[in-house]
Structure formats: structure tokens, C-alpha cells
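Colleague: I would like to learn how to read helix packing and empty spaces in a model, step by step. Could you take me through one case?

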Amino acid sequence: MSKEKAMNSSWFITGTDTEVGKTWCTLAIIQQLKNQGLRVAGMKPIATGCRVSHAGLRNSDAEQLLQLTELQVPYTWINPYPFEPPIAPHLAAQRVGQHIEIETILNRYAQLATLVDVIVVEGIGGWRVPINAQQSLREVVLALNLPVIVVVGLRLGCINHALLTVETIARDGCQLAGWIANPLQAEFEVQGCIETLQERLAIPLLAQMPYLTAFNLTSLANALKVGWHSPH
Ligand SMILES: Nc1ncnc2c1ncn2[C@@H]1O[C@H](COP(=O)(O)OP(=O)(O)OP(=O)(O)O)[C@@H](O)[C@H]1O
Ligand SMILES: [Mg+2]
């Protein structure tokens, strides 16, 4: 992706489930864009399972995104909705009498957008995650007007999850930028799975990530150089 093309393009990163590699892929995208000299922000607007700290609730995904982007902004710009229990966000919000407002997320996003060229927004869980009694991630993405990248965690069952996820995102009226193949198991027949998904998903494969026994930002970011397209 050229620097010019990446300017003003931002993405929303979702996945086939929770724990499928959304954060690893988001960090890889940020690093790759930084390598091109772009100013990038990461965002994790809603997070559960947060740690209690003296400064307030902290989510490790949001902290990693903030650390990598090296932005001097308040933590709450990156993660306006942190919740302590590791449960669904609308339930976590309910427990503390809070209502997740899309407007608040939009305001934080707009503030960040004044500082950077690109914002990479990590979702929470999979696609059909409710954020309050009426709305789900769909409404967040439609309001942000961002193309979606789907991280497919390659493991048994992922073909079904990937097809359902991509079909639903398209039906929900959101734009799809492509998908990332992210292996989660050492002993998994990755190639057959990727070929099947390439045949059945009408969106580009943006990257095939390596299987890593330990997090390695350079090798994840390098994987994005091949087949990485700007949605705009
Ligand atoms: N390419 C990979 N190779 C090997 N293991 C991976 C890979 N990507 C992710 N994992 C494993 O999956 C775990 C979860 O990854 P990650 O935190 O990126 O998922 P997530 O989708 O962001 O999760 P959450 O829903 O909690 O935000 C990692 O800690 C790692 O153990
Ligand atoms: Mg994550």
C-alpha cells in the first residue's frame, strides 16, 4: 500500500471470535503503516476484562495499541469504555449502570483523527456483539463509516465462522476491505483452509500471518507487505 493511498484510510478490525488474533493483526497493521512514515493511532473503544489500576481501568489490548503508536493522548481517547468483568460489553456496562454511547466513540475517534493519518480500530469479540440494549458493533462501524478487516483465526470450525461473519457484515451494509488468515494452532492444515476461504469469500486475502510461538511484531508486520491493499 502506498503512503498516499493510506492517508485518510482507516479500518475496523473484527474477527471470527474472541481470541483469534485481532490485537496481533492490529499491531502488525500499525507497525507496517508506521514503517511507511505514517502517523497512526490504534483504538479499542470498548474493552472488558480490564485491570484495576490507580489511574483507572486498563485493558491490555488498548495499552499495547497506545504504546506502539507512541501518541501522547489520554488513555480514555483510545479506550473510552473499559469494564472490569470479562463478560459481554452490554452486560458489563449494565452492571455499573453505564450506557455505551456511539456518540462518545465518534468524538474520541474524531479527536484522534486530528492528530494522525490513519486510525486502526479493534473491535471486541466477534461481529455480532451487542453494545447496549438496542445496538451492536454494526452501528458503531456504520457510524464510523470504516471498511472492515476480518481476522480469521485458523483452527477447526473457522471456515463456517468466517463465511457467516463475512456474509453478515456485508448484509449489515458495512464495507469489507478484506480478510487476514491468522493461524492459531501449530498442527492445522492451513493451506486447504485458506484455499477454501479464497474460493468462497468474495473479498481479498490481505495477509497470511505466520504461526508464532511467541509474539513477534516484525514478522507479523512483514507478512502484511504481501497482498496488502488499501480499501480506498
Ligand atoms: N499468528 C499467531 N500464531 C500463534 N498464536 C497466535 C497468533 N495470533 C494469535 N495467537 C494466539 O492467540 C492469542 C490471542 O491473540 P489476540 O490477543 O491477538 O486475540 P484477540 O482476537 O485480539 O482477542 P480478544 O478477543 O481478547 O481481543 C495470542 O495471545 C496468541 O496466544
Ligand atoms: Mg484483542
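Modeller: We shall go through three helix pairs, then a pocket and a cavity.

Modeller: This is a predicted model, in which local features need pLDDT of at least 70 and side-chain atom pairs count only at pLDDT 80 or more, while totals for chains, interfaces and linings use all residues. Residues are numbered from 1 along each chain as its sequence is written, chains are lettered from A and ligands numbered from 1 in the order in which they are written, and side-chain values use heavy atoms, with hydrogens and water left out.

Colleague: How should I read two packed helices?

Modeller: Two packed helices are described by the angle between their axes and the distance between the axes. An axis is a line fitted to C-alpha atoms, for helices over the stretch in contact, and angles run from 0 to 180 degrees between N-to-C directions; helices (H or I, at least four residues) and strands (E, at least two) are DSSP runs, numbered from the N terminus. Here, the axes of α2 and α3 come within 10 Å and cross at roughly 10°, and these two helices are therefore roughly parallel to each other (under 35 degrees; over 145 is roughly antiparallel, 65 to 115 roughly perpendicular, and the rest oblique).

Colleague: Which residues of α2 and α3 meet?

Modeller: With contact meaning heavy atoms within 4.5 Å, T23, T26, L27, I30, Q31 and K34 in α2 meet D61, Q64, L65, L68 and T69 in α3. The residues of this contact divide into four nonpolar, five polar and two charged, where Ala, Val, Leu, Ile, Met, Phe, Trp, Tyr, Cys and Pro count as nonpolar, Asp, Glu, Lys and Arg as charged, and the others, Gly among them, as polar.

Colleague: At what angle do α6 and α7 pack?

Modeller: Helix α6 (residues 102-113) and helix α7 (residues 137-144) pack at about 40°, with their axes 10 Å apart, and are therefore oblique to each other. I102, I105, L106 and Y109 in α6 meet E139, V140, A143 and L144 in α7, a contact with seven nonpolar residues, no polar and one charged.

Colleague: And what of α8 and α9?

Modeller: The axes of α8 (residues 158-171) and α9 (residues 190-200) come within 10 Å and cross at roughly 25°, so this pair is roughly parallel. C158, I159, A162 and L163 in α8 meet C193, T196, L197 and R200 in α9.

Colleague: How are empty spaces found?

Modeller: On a 1 Å grid over the protein atoms alone, a cavity is a set of points where a 1.4 Å probe fits but cannot get out, and a pocket is an open set with protein on both sides within 12 Å along at least five of seven lines; lining residues have an atom within 4 Å of a point. Grid points are joined across faces, edges and corners, and a volume is the space filled by probe spheres set on the points.

The largest pocket holds about 510 Å³ of space, and of its 27 lining residues the closest to its centre are T18, E19, T23, D61 and E122. Each of α2 (22-35), α3 (60-69) and β9 (176-183) supplies at least two residues of that lining.

Colleague: Which residues line the largest cavity?

Modeller: T16, D17, V20, G153, R155, L156, G157, C158 and H161 line the largest cavity, which contains about 40 Å³ of space.
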